[in-house]
Amino acid sequence: MTALYIILGILLAFFLLSLLRLGVRVEFTGSLAETRVTAIAGPARIQLLPKPEKPEKPQKEKKKKEKPAKAKAEGGEKKKKLHLTKEDIKTALPALWECLQNGLRKTRQRLLIDPLHLSASLPGAADPAGAAELYGYVNAGMWTVMPQLERLMRIPDPRLHVEVDFDASELRLTGEVGVTLQIRDLLAIGLAFAKPVLRWYLAMQKRHSAQEKAQAKENGAAPKEHDTADRTPSGDGADHITT
């Protein structure tokens with residue numbers, strides 16, 4: 001009976017932990033250097049940016065240990081980086097949007113965005129026509145996405161404003177955004193993304209592998225044609241052997 005109580009106590013603790021709200025609050029003041037980021041965990045608030053100043057401690061000299069030659073050789077080899085093409089991004093965006101919608105539906109509007117006060121000033125000094133075109137895209141995307149987001153999550157007081165400053169040369173963003181959700185909602189969103197993202201990644205790897213094989217085949221075909229041309233008998237003294 002004691003073991004049953006222990007198991008029930010552990011399950012209750014996990015359930016209460018899953019109800020804990022996590023989140024982040026970002027305050028924009030115009031420049032990225034002045035951006036303030038605060039992490040939220042229940043009643044706790046932890047400032048991430050700018051990092052709080054800590055009293056300096058006297059640094060102790062550490063002796064550098066020499067790595068073995070084998071380790072240095074292995075460290076010199078660069079790992080293969082993931083290279084995303086336009087086609088990869090184009091195929092990923094619809095899948096990611098669908099995953100996000102499915103995950104948000106599972107949260108049952110427990111995800112809260114409050115506050116949502118943003119004002120963006122697009123720079124137009126260098127390219128006025130491009131800035132005006134970007135302004136149109138931003139507004140179209142904002143008014144297309146926002147109604148669906150308000151249906152899937154709680155946004156009590158959204159305030160969004162976008163304008164073009166034809167005298168500015170840098171983007172200016174002001175306002176504040178706060179996002180909080182329960183741990184169980186975070187797990188639900190993660191599970192909604194896991195399978196489709198893995199399927200997209202495997203398809204991308206397969207596509208890249210096929211392209212690399214085709215490229216290698218094309219590169220390997222040219223030298224073979226060159227070799228066969230060099231081995232063609234000249235017709236005069238092709239089989240002559242000197243002793």
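**A chat about strands, core and surface**

Tutor: Let's start with one pair of residues in this predicted model: Leu118 has Gly175, in β6, as its bridge partner.

Student: Okay, and how do β4 and β6 pair overall, parallel or antiparallel?

Tutor: They pair in the antiparallel sense, over eight bridges.

Student: Which strand do another eight bridges join to β4?

Tutor: That's β5, residues 158–165, and β4 and β5 run parallel. To find a spot where they meet, look at His117, which stands opposite Arg159 in β5.

Student: Let me zoom out. How many helices and strands does the chain have?

Tutor: Five helices and six strands. If you walk along the sequence, the pattern reads α-β-β-β-α-α-β-α-β-β-α.

Student: And what share of the contacts joins residues at least 24 apart?

Tutor: Counting contacts between residues at least 6 apart in sequence, 76% join residues at least 24 apart.

Student: Now the inside. How many residues are in the largest nonpolar core?

Tutor: There are 15. The ones with the most contacts inside that core are Leu104, Leu111, Ile113, Met153 and Ile155.

Student: Which elements each supply at least two residues of this core?

Tutor: β4 (112–123), α4 (128–152) and β6 (172–182) each do. Of the contributors, α4 gives the most, with four residues.

Student: Let's pick Met153. What does it touch?

Tutor: Leaving out residues up to four places away in sequence, Met153 touches Leu104, Gln109, Leu111 and Ile113.

Student: Is there a general tendency behind nonpolar cores, and what is it?

Tutor: In soluble globular proteins, nonpolar side chains tend to be buried together.

Student: How much of this chain is buried, then?

Tutor: Buried residues make up 19% of its 243 residues.

Student: Switching to the outside: which residues make the nonpolar surface patch of about 670 Å²?

Tutor: Met1, Leu4, Tyr5, Ile7, Leu8 and Leu11 make that patch.

Student: Where does Met1 lie?

Tutor: Met1 lies in the segment before α1, and that helix covers residues 2–18.

Student: Why can Met1 be called exposed?

Tutor: Because its relative accessible area is 67%, and exposed means over 50%.

Student: Last one: how much area does the whole chain expose?

Tutor: About 19600 Å², with carbon and sulfur atoms supplying 61% of that area.

Key
Residues are numbered from 1 along each chain as its sequence is written. This is a predicted model: local features need pLDDT of at least 70, side-chain atom pairs count only at pLDDT 80 or more; totals for chains, interfaces and linings use all residues. Side-chain values use heavy atoms; hydrogens and water are left out. A nonpolar core is a set of buried Ala, Val, Leu, Ile, Met, Phe, Trp, Tyr and Cys residues joined through side-chain atoms within 4.5 Å. Buried means under 20% relative accessible area, exposed over 50%, partly exposed in between (1.4 Å probe, protein chains only). Contact means heavy atoms within 4.5 Å. Patches are made of residues with over 30% relative accessible area and no salt bridge: like charges are joined within 9 Å, nonpolar side chains (Val, Leu, Ile, Met, Phe, Trp, Tyr) within 5 Å. Accessible areas come from the Shrake-Rupley method with a 1.4 Å probe; for residues, only the protein chains shown count as cover. A salt bridge is a side-chain nitrogen of Lys or Arg within 4 Å of a carboxyl oxygen of Asp or Glu. Two strands pair if DSSP finds at least two bridges between them.
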